[in-house]
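Here is a walk through one protein chain and the ligand it holds. Please have the sequence and the structure in view while reading.

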Amino acid sequence: MKAIMLALALCAGAAAPSFAQVQGFTPREESPEQWPAGEGRDETFYMCTACHATGIITRAGQTREGWDDLVTQMVTRHNMSDPDADFRKLMVDYLARAFPREATPQGGWRNPFAPTR
Ligand code: HEC
């Protein structure tokens, strides 16, 4: 019985490496200063990075309308708190200036299921 317990303990240990054991991976600190300067940058950064890293945003160049839709999507689909009109305008204006659609080589995020434009 003792041998079985020991074997189980060893297996459990081997099957559950702690995150500390993942070698060579250090999550990078992100800060608003990494985004283009502009009015609303800090507010937008802190609102939008509560749930995901910034790459998902900085790679998603959009028109102003596209960013407005994305904010709505974050609220309706992902449960982001609904910003009031002023705050929404501040964020959408900033996002459209900082991450315009033209800035991404493929012209912004595309729905892979939509017909090609
Ligand atoms: C309450 C959590 C939450 C907040 C706050 C939030 N998002 Fe998201 N966002 C998500 C989730 C969940 C996904 C989809 C899962 C994923 O791809 O990581 C997502 C995905 C995205 C995507 C990828 C496109 C898509 O439809 O999947 C973009 C772009 C994006 N978010 C932008 C933003 C912006 C801009 C803000 C700030 C206005 C924001 N998010 C704030 C939860 C959030």
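In this predicted model, the ligand is surrounded by 16 residues. Cys48, Cys51, His52, Gln73 and Met74 are the closest of them. A residue belongs to this group if one of its heavy atoms lies within 4 Å of the ligand.

Two of these closest residues also place polar side-chain atoms by the ligand. For His52, such an atom is 2.8 Å from a ligand nitrogen. For Gln73, the partner is an oxygen atom of the ligand, again at 2.8 Å. Both pairs count as polar contacts because the cut-off for N or O atoms is 3.5 Å.

What is the make-up of the shell by class? Twelve of its residues are nonpolar and four are polar, while charged residues are absent. Cysteine and methionine are counted as nonpolar here, so Cys48, Cys51 and Met74 fall on that side of the tally.

Which helices supply the shell? At least two residues come from each of α2 (41-48), α3 (55-58) and α4 (64-76). The largest share is that of α4, which contributes five residues.

The rest of the chain can be read in the same terms. Its secondary structure consists of five helices, with zero strands, and the order along the sequence is α-α-α-α-α. Of the 117 residues in the chain, 28% are buried. Counting contacts between residues at least 6 apart in sequence, 56% link residues at least 24 apart. The accessible surface of the chain is about 8,800 Å², and carbon and sulfur atoms account for 60% of that area.

How values were computed
Residues are numbered from 1 along each chain as its sequence is written. This is a predicted model: local features need pLDDT of at least 70, side-chain atom pairs count only at pLDDT 80 or more; totals for chains, interfaces and linings use all residues. Side-chain values use heavy atoms; hydrogens and water are left out. A polar contact is a pair of N or O atoms within 3.5 Å; within protein, one must be able to donate a hydrogen and the other to accept it, and residues adjacent in sequence count only if both atoms are side-chain atoms. Helices (H or I, at least four residues) and strands (E, at least two) are DSSP runs, numbered from the N terminus. Buried means under 20% relative accessible area, exposed over 50%, partly exposed in between (1.4 Å probe, protein chains only). Contact means heavy atoms within 4.5 Å. Accessible areas come from the Shrake-Rupley method with a 1.4 Å probe; for residues, only the protein chains shown count as cover.
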